[in-house]
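Q: Please give a close account of one part of this structure, and then set that part within the chain as a whole. A connected description would serve better than a list.

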Amino acid sequence: MDTRPVAVAVDGSDHSLRALEWAIPTARRLAAELVIAHVLPDSTQLWAARRSALGPGPALNDPVTDRIRAALSGRDELPSVRFDSLEGEVPDALHALGTGARMLVMGSRGRGGFASLLLGSNSLAVATRAPCPVVVVPRLARTGLDERTTGRVVLGLNLGETADDVIEFAFVEAAARRVPLQVLTAYPAPPPAALMVAGEYPPAPLDRDQYEPADRDVAREQAERLSPFEARFPGVEVDALIAPADAAGHLVDASASAALIVVGRHRRRLKPGSLLMGSVAHAVLHHTECPVAVVPDRGED
C-alpha cells in the first residue's frame with residue numbers, strides 16, 4: 001500500500017488555492033494524507049503564525065489563513081491534513097518536498113490567451129525536475145465539486161518512450177475516480193508519396209485507407225503494452241485510441257472534456273547539466289484545459 005502523502009503548494013494566490021481545491025478530493029480518494037506546503041519568505045515566523053492560526057486558538061487577521069480555512073471548511077469529509085513550511089528557492093524547496101510525496105500539486109500563474117495557458121516559471125521548473133508526479137492545475141480547470149462529477153482520465157502513450165510508472169499512475173487515478181481511462185497513441189502520418197513525386201503542394205488530404213497498415217501495427221503494440229495493467233486493474237474501462245500525427249494536439253483536444261491528462265516527462269538531455277522535458281508534455285502543459293499530471297520514470301538519472 002502506498003502511504004506517501006499528496007502534497008500541494010499553497011501561497012494564498014487564486015491559482016494555488018485552485019490547486020488546493022483539486023488536491024483535497026484527490027487525497028481523499030487515494031486515502032492519502034494531504035500536506036499543505038508553503039515556501040517561507042524571509043521571515044520564518046510568518047508561516048509558523050499561519051500554521052498556529054489554522055489549529056486551535058484565536059485566528060490571526062491573515063487573508064491567506066482565512067482562504068485556506070475556507071477551502072477546508074464545509075466539506076463532508078476531509079483527508080488527514082498536515083501543514084509544512086519550506087525554506088529556500090521555490091523550485092528547490094518543492095523538489096525536496098516531492099522526494100517523499102505521492103504527487104505534488106501546483107497551480108499555474110498563467111495569464112492565458114486564446115487556446116493558451118502560459119505557465120509560471122516555478123510550475124514549469126518543478127514539473128521538469130521533481131522526483132514525483134507533478135499535477136499542474138490550470139486557471140480554468142474544473143475543481144472542487146465540479147471536478148468530481150464527470151470526466152475521464154486520458155493517458156498519452158508513446159510506445160517507445162512512456163515508462164510503466166506513467167501507465168500505472170493513469171490506471172490508479174482512473175480506478176480511484178471510477179471513470180474510464182482513454183489511452184491515446186499517436187504515430188507519424190505516412191507521407192503522401194504520390195503527391196510528393198508529382199510535386200503537388202499543398203498536398204491533398206490522405207484517404208484514411210492509407211493509414212490502415214500503420215493503424216494495425218500500432219494497435220497491436222498498444223494492446224500488448226496495456227495488457228498487464230488491464231489485468232491488474234480489471235475494474236478500469238479502457239478506451240484505446242490511435243491517431244496519426246500531433247500527439248500534443250490530440251491530448252489538448254481531449255482535455256476539453258477530461259478530468260485529468262497524464263503524460264510522461266520524457267526528459268531530454270541536450271548537453272551535460274541541461275535537462276528539458278519532452279515536447280509533448282511541454283505543449284500540453286501550456287495549452288490544456290484540465291489538470292495535467294507529468295509523471296517521471298523512477299529510473300531517470
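A: With a relative accessible area of 45%, Asp92 is partly exposed, a class that lies between buried (under 20% relative accessible area) and exposed (over 50%), as found with a 1.4 Å probe on protein chains only. The model is predicted, so local features need pLDDT of at least 70 and side-chain atom pairs count only at pLDDT 80 or more, whereas totals for chains, interfaces and linings use all residues. Residues are numbered from 1 along each chain as its sequence is written, and side-chain values use heavy atoms, with hydrogens and water left out.

The side chain of Asp92 meets that of Arg129 in a salt bridge, at 3.4 Å from N to O. This pair links distant parts of the chain, since Asp92 belongs to helix H4 and Arg129 to helix H5, 37 residues apart. Arg129 is likewise partly exposed, at 35% relative accessibility. A salt bridge here is a side-chain nitrogen of Lys or Arg within 4 Å of a carboxyl oxygen of Asp or Glu. Helices (H or I, at least four residues) and strands (E, at least two) are DSSP runs, numbered from the N terminus.

Helix H4 spans residues 90-98, and its buried residues are Pro91, Ala93, Leu94, Leu97 and Gly98. They lie on the same side of H4, because the arc that they cover around the axis is only 165 degrees; the arc is that of the directions from the helix axis to the C-beta atoms. These buried residues of H4 pack against strands S1 (6-9), S2, S3 (81-86) and S4 (103-107), and also against helix H5 (121-129). Helix H5 is thus met by the buried residues of H4 and also by the salt bridge from Asp92 to Arg129.

Strand S2, one of these neighbours, covers residues 34-39 and includes His38. His38 counts as buried because its relative accessibility is 6%. Its side chain reaches the backbone oxygen of Val10 at 2.9 Å.

Further charged pairs occur elsewhere in the chain. Arg232 and Glu168 form a salt bridge through their side chains, at 3.0 Å from N to O. Arg232 lies in helix H9 (residues 212-232) and Glu168 in helix H7 (residues 164-177), so the pair ties together parts that are 64 residues apart in sequence. Both partners count as partly exposed, Arg232 at 48% relative accessibility and Glu168 at 25%. Asp2, Arg4 and Arg102 are joined into one network by salt bridges that share partners. Within that network, the closest N and O atoms of Arg4 and Asp2 are 2.8 Å apart. The whole structure holds 9 salt bridges.

The chain as a whole contains 11 helices and 12 strands. Of its 301 residues, 48% are buried. Among contacts between residues at least 6 apart in sequence, 77% join residues at least 24 apart, where contact means heavy atoms within 4.5 Å. The accessible surface comes to about 14800 Å², of which 53% belongs to carbon and sulfur atoms; such areas come from the Shrake-Rupley method with a 1.4 Å probe, and for residues only the protein chains shown count as cover.

Definitions and conventions. A polar contact is a pair of N or O atoms within 3.5 Å; within protein, one must be able to donate a hydrogen and the other to accept it, and residues adjacent in sequence count only if both atoms are side-chain atoms.
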